[in-house]
Amino acid sequence: MSSSSSSKPESPAPVSQVPGLDPVEMERVAGQTLQRYSASSSAKRNGRGVAVVWFRNDLRVLDNEALYKAWVSSQEVLAVYCVDPRIFGSTHYFGFPKTGALRAQFLIECLADLKKNLMKRGLNLLIQHGKPEEILPDLAKAFGAHTVYAQKETCSEELNVERLVSKGLQRVALPSSSVQSSKPGSVNNPKLQLIWGTTMYHIDDLPFDTSSLPDMYTQFRKSVEAKCTVHGCIKIPASLGPPPSVEDWGCVPSLDQFGLQSSIVSKGMKFVGGESAALGRVHEYFWKKDLVKIYKHTRNGMLGPDYSTKFSPWLASGSLSPRFIYEEVKRYEKEREANDSTYWVLFELIWRDYFRFLSAKCGNSLFHLGGPRKVEHRWIQERTLFESWRDGHTGYPLIDANMKELSTTGFMSNRGRQIVCSFLVRDMGIDWRMGAEWFETCLLDYDPCSNYGNWTYGAGVGNDPREDRYFSIPKQAQNYDPDGEYVAYWLPQLRSLPKDRRNFPGMAYIKPVVPLKFGNAGSRHQNQGRGSAARGANFGGRQPRGQRR
Ligand SMILES: Cc1cc2nc3c(=O)[nH]c(=O)nc-3n(C[C@H](O)[C@H](O)[C@H](O)COP(=O)(O)OP(=O)(O)OC[C@H]3O[C@@H](n4cnc5c(N)ncnc54)[C@H](O)[C@@H]3O)c2cc1C
Ligand SMILES: Nc1ncnc2c1ncn2[C@@H]1O[C@H](COP(=O)(O)OP(=O)(O)OP(=O)(O)O)[C@@H](O)[C@H]1O
């Protein structure tokens, strides 16, 4: 056997913390970066009274326009986060936990860090438990706030909350003295002002209305690259105080307040929540480890913290601004090197933008079985099969290892996500929404637009009919885990096998729960003679199309 000599079983590698900086270094890097992005002392504040900044998925100080506008328009800023019980409810169709314990823990760390960073600037974070539409009008009334500033969202659950908050504020009557430029004696309502802030390219700069967004990513990308520029990050003054006087600012919540049990990451990557960690990871990835210059060649990896940026959990919670990443890429290109890899980070961030704008175009069809194209197709919802996928017991090491990584750490590589998605929908024929909702439960970087956008593409119901791909497991295993290092990490029982058999263990592993739809071409040891009969889904006889991007 060539490179396939069996190796001794090894004990699992320790958990890799992401970023891998010690707390002192992380604080130093975050402090320096925030300082670099502080507004000069001449920044103008010309408002009156109190403004509320309602933090949602923008848990950061750097490049936070809602925070900046609240500061400019007031004499006092009240920063608020509402722990909305709905985000700890159940997913829409299949009743999985809407937020799993790992993402809840990440959120707690984000809130603790935000509170700390706001306090360093003379503010604080008021944390209240309840629905924003009940909390915010009461606060606006109690503090006489003229405006509630918040980041705009695009999916219906969040839009609904925005509508209810706005309605609630309309019922609050404020005396004219709290409101700028109002006539003496008149009665005014506080306003909800929603600010765009999730994407790298600003929605107002797009060369088309979102209702006419191109159906093809490449067309979108070329158009924005040619016609738009990325705005510079908003600089926030070093001092934002004073806050209004508040009796009880509330504590950063604990997992049991969410009704969740702590889930310790025992293997793989442990992501640290919060803006300081996000800025630490950018520093580590770009400047300390110099990894961005090889990103394009490593990005399809699956094992360890360094094959890709790992920015997504912080982007999803808004502890990291995509415009800051853009500026860091440009700075790196100027100071060190510009190449395909440095560009490719932006290329991927444009995918993220695209899915965000697409959610505005598609509305709820993004979440419907037929997807934006309303594709009619018979799916199955077989619980036992689904559970074998969810729990990593399908008999295919590559699937099982990825699913175990997801439930243990809350993360999975992009390569892994595409493979397990294809397996669920094509080989098992299972309703893609079951997979998407399980991802919604588990992912640290869960974002409705990127998650449901990618799942609709993977299921062949997305808005671009060409994005209809089958991922052959044997081929993916040979290309992306040729020595079986990844599967042996997550399934240690495979480590004692020769390297080239770890992905094809035959009788040495669980019996596959379904045959592969397109047979086992390319497999070396597995499933001989099981045939290639398709199960469940029939995708109109489409042939495998290899890999995406
Ligand atoms: C079925 C499926 C579900 C997914 N669900 C999510 C999700 O809920 N949230 C999420 O952020 N990403 C999702 N992705 C996209 C992608 O897998 C992750 O963004 C990526 O793996 C995160 O790791 P990274 O930050 O190291 O990415 P990198 O490779 O370093 O890429 C840099 C950034 O580009 C963006 N990006 C890269 N690929 C994509 C993509 N395909 N779609 C959108 N943005 C992308 C991310 O913001 C990422 O942080 C999903 C992909 C698939 C196939
Ligand atoms: N942020 C989000 N995360 C997960 N799912 C979301 C989010 N926002 C919206 N959805 C999904 O959008 C869908 C809305 O379904 P709902 O029944 O409310 O409306 P609908 O019947 O689809 O509405 P319409 O017929 O007007 O399109 C649900 O599947 C819901 O889970």
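Mentor: A residue is buried if 20 or more other C-beta atoms lie within 10 Å of its own, exposed if 12 or fewer, and partly exposed in between. Keep that in mind, because this model is predicted and burial is counted from its atoms.

Trainee: Is Ile 380 buried, exposed or partly exposed?
Mentor: Place Ile 380 first: it is found in the loop between helix H11 (340–362) and helix H12 (383–391). Now count. Ile 380 has 14 other C-beta atoms within 10 Å, so it is partly exposed.

Trainee: How many Å separate the C-alpha atoms of Ile 380 and Asp 431?
Mentor: Along the chain, Ile 380 and Asp 431 are 51 residues apart. In space, their C-alpha atoms are separated by 5.7 Å.

Trainee: Which strands are the edge strands of the open sheet?
Mentor: Five strands form the sheet, with parallel pairing, in the order E5-E4-E3-E6-E9. An edge strand pairs on one side only. Here that gives strand E5 (125–129) and strand E9 (191–195).

Trainee: Which residue in E4 stands opposite Ala 51?
Mentor: Strand E3 (residues 50–55) and strand E4 (residues 76–83) run parallel, joined by six bridges. Opposite Ala 51 stands Val 77.

Trainee: Which strands does helix H3 touch?
Mentor: Helix H3 (residues 101–120) packs on the sheet. Its direction makes about 145° with that of E5. The strands touched by H3 are E3, E4 and E5.

Trainee: Which prolines are in contact with Leu 78, leaving aside its neighbours within four places in sequence?
Mentor: Leu 78 is among the residues that touch the most other members of the largest nonpolar core, which has 142 residues. Its contacts include Val 50, Leu 126 and Phe 143. The prolines are Pro 243 and Pro 244.

Note on methods: Residues are numbered from 1 along each chain as its sequence is written. Chains are lettered from A and ligands numbered from 1 in the order in which they are written. This is a predicted model: local features need pLDDT of at least 70, side-chain atom pairs count only at pLDDT 80 or more; totals for chains, interfaces and linings use all residues. Helices (H or I, at least four residues) and strands (E, at least two) are DSSP runs, numbered from the N terminus. A nonpolar core is a set of buried Ala, Val, Leu, Ile, Met, Phe, Trp, Tyr and Cys residues joined through C-beta atoms within 7 Å. Two residues are in contact if their C-beta atoms, placed from the backbone, lie within 7 Å. Two strands pair if DSSP finds at least two bridges between them. Axes are lines fitted to C-alpha atoms, for helices over the stretch in contact, and angles run from 0 to 180 degrees between N-to-C directions.
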